Amino acid sequence: MAGILAWFWNERFWLPHNVTWADLKNTEEATFPQAEDLYLAFPVAFCIFMVRLIFERFIAKPCAIALNIQASGPQIAQPNAILEKVFTAITKHPDEKRLEGLSKQLDWDVRSIQRWFRQRRNQEKPSTLTRFCESMWRFSFYLYVFIYGVRFLKQTPWLWNTRHCWYNYPYQPLTADLHYYYILELSFYWSLMVSQFTDIKRKDFGIMFLHHLASIFLLSFSYVNNMARVGTLVLCLHDSADALLEAAKMANYAKFQKMCDLLFVMFAMVFITTRLGIFPLWVLNTTLFESWEIVGPYPSWWVFNLLLLLVQGLNCFWSYLIVKIAWKAVSKGKVSKDDRSDIESSSEDEDSEPPGKKPHTSTTTNGTSGTNGYLLTGPCSMDD
C-alpha cells in the first residue's frame, strides 16, 4: 500500500519541476490545500442532501401548492392482469406484432392497448409537484453559490487579470473563502452523483453522469495541486446559467407561459455566451497559454487541460441542443410528441377513453406553443 501511495502521489506528476509536497505543507505564515481536506466533502454532501429533503418538504412543496401545482400524477391505467404481466416481465414498449397478439387475446383494438401501456409507463413517472420541488431546490442552491462566487471573486486580482492565477504558482496561500467555496461545490457534486440515481430520470442521464464525474475530478485535481484560483473562475462561469434554467423549468411547471419563454431565452443567451465565448477565450486561454508561459507544462498540467477540454466538449453538445430547441420553437411553434422527453406526459398519454372504443382522429399537443414543452427535453434536463 505504501508503494501504491508513493506511486500515486508522485511529485513529478502532480507538481511543477523542483517543487515537492514538503514545500506545500502548512506553516504559521501560510496555509496550502491539503489532499486530506477533500474528505470533508463527504459529510458536507450528506448534510446538503438532508437540507435538500427538508427544503423540498417544508419550503418548495408549500410554494408549489400555493401556485396550484397538484401532487396527483398521471391517470392510472385500468387493472389488467395480462397486460400487467407483459409490462413487468417482458417489455414496456411492445412492438406491432405483440400488440396485434394482445388485441386478439383481449378483444381490444390496438390503439387502446397502446394507450394502456402509455398510461402504465406514466404511472412510474414523477408528478409535476415532484419536478417543481427538485427544480426549486437546484435553483436556490445555484443562485446562492453563484452570488457567493461573484462576491468572492470581485475581491481577487485573478478575476481582472487571469495571469495572477499563475504568478508564484504553486506557492499561493489558501484563504478561508476559497476553501469554503471549493468544498461546498465539491460536496454538491458528490450529492448529485448519489441523488442522480433517485432523481427524475432524463434522456441525458449518461451525459450528466459523465459531467458530474468530470466536475468531481476537476475540483479534486485542481485543489490538490493548488490550481484553485483558475478553478474558481471555471466554477463561477458555469454556475451563471444554471439558476435561469431551473427558474424556467419552475415557470413551465406553474404554467406561466410568458415568464417561461423569457427565462428560457435569457438562459440560452447566458449559456451560449459563457460556455462557447467566455470560457474558451478567457479560461482555456489562461490554462493553456498563460500557464505555459509563466509556469510551463508538467504531467498533471496536461491532465487538467484535457479535463477542461472534455467539459468544453459537453458545453458544445448542450449548446447544440439549446439551438435545436430554439429553432424548433421558432419554426414550428410547437413540439411533436416524439420530440418530448420520456418524463413528460402528453394529453394522449392520459386519454381516458375506455378500452375498445374507437379513438378520435384529432390529436393535441398539451399546449406546447412557444418554448413551453421544450423545457423538459434536451438541455433543460441538465443539472450542470
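These are my notebook entries on the cores, ring pairs and cavities I looked up in this structure, which is a predicted model.

**Entry 1: the main core**

I started with the largest nonpolar core, which has 83 residues. Within this core, Met-227 and Phe-267 touch the most other members. Next I checked which helices feed it. Those that each supply at least two residues are H3 (41-66), H7 (128-153), H9 (176-195), H10 (205-224), H11 (228-239), H12 (242-253), H13 (257-294) and H14 (299-331). H7 gives the largest share of this core, with eleven residues.

Then I pulled up Met-227 by itself. Leaving out anything up to four places away in sequence, I get contacts from Met-227 to Trp-166, Tyr-169, Tyr-182, Ser-222, Tyr-298, Trp-301 and Phe-304. Another core, of eleven residues, lies apart from the big one. Leu-83, Phe-87, Ile-113 and Trp-116 are among its members.

**Entry 2: aromatic pairs**

I searched the whole structure for aromatic pairs and got 29. I wrote down two of them in detail.

Phe-152 with Trp-158: the ring centres are 6.2 Å apart and the planes sit at 65°, so I logged the pair as edge-to-face. Are these two buried or exposed? Phe-152 has 8% relative accessibility, so it counts as buried. Trp-158 comes out at 7%, so it is buried as well.

Trp-166 with Tyr-169: I have this pair at 5.8 Å centre to centre with 70° between the planes, again edge-to-face. Trp-166 is buried at a relative accessible area of 2%, and Tyr-169 counts as buried at 9%. Both residues had already turned up in my list of Met-227 contacts.

I also noted a cluster held together by ring pairs. Its members are Phe-8, Trp-9, Phe-13, Trp-14, Trp-21 and Phe-221.

**Entry 3: cavities**

How many cavities of 30 Å³ or more does the structure hold? I count three. The largest has a volume of about 210 Å³, and 16 residues line it. Closest to its centre are Ser-215, Leu-218, Leu-219, Val-234 and Leu-235.

I looked up which elements build that wall. H9, H10, H11 and H14 are the ones giving two or more residues to the lining. These four helices are also on my list of suppliers to the main core.

Last, I sorted the lining by residue type: nine are nonpolar, five polar and two charged.

Technical notes:
Residues numbered from 1 in each chain as written. Predicted model: local features only at pLDDT ≥ 70, side-chain atom pairs only at ≥ 80, totals over all residues. Heavy atoms only, no water. Core = buried A, V, L, I, M, F, W, Y, C linked by side-chain atoms within 4.5 Å. Buried < 20%, exposed > 50% of the residue type's maximum accessible area, 1.4 Å probe, protein only. Contact = heavy atoms within 4.5 Å. Phe/Tyr/Trp six-rings, centres within 6.5 Å; stacked < 30°, edge-to-face > 60°. 1 Å grid on protein atoms, 1.4 Å probe; cavity = no way out; pocket = protein on both sides within 12 Å on 5 of 7 lines; lining within 4 Å. Points joined across faces, edges and corners; volume = space filled by probe spheres on them. Nonpolar A, V, L, I, M, F, W, Y, C, P; charged D, E, K, R; others polar.
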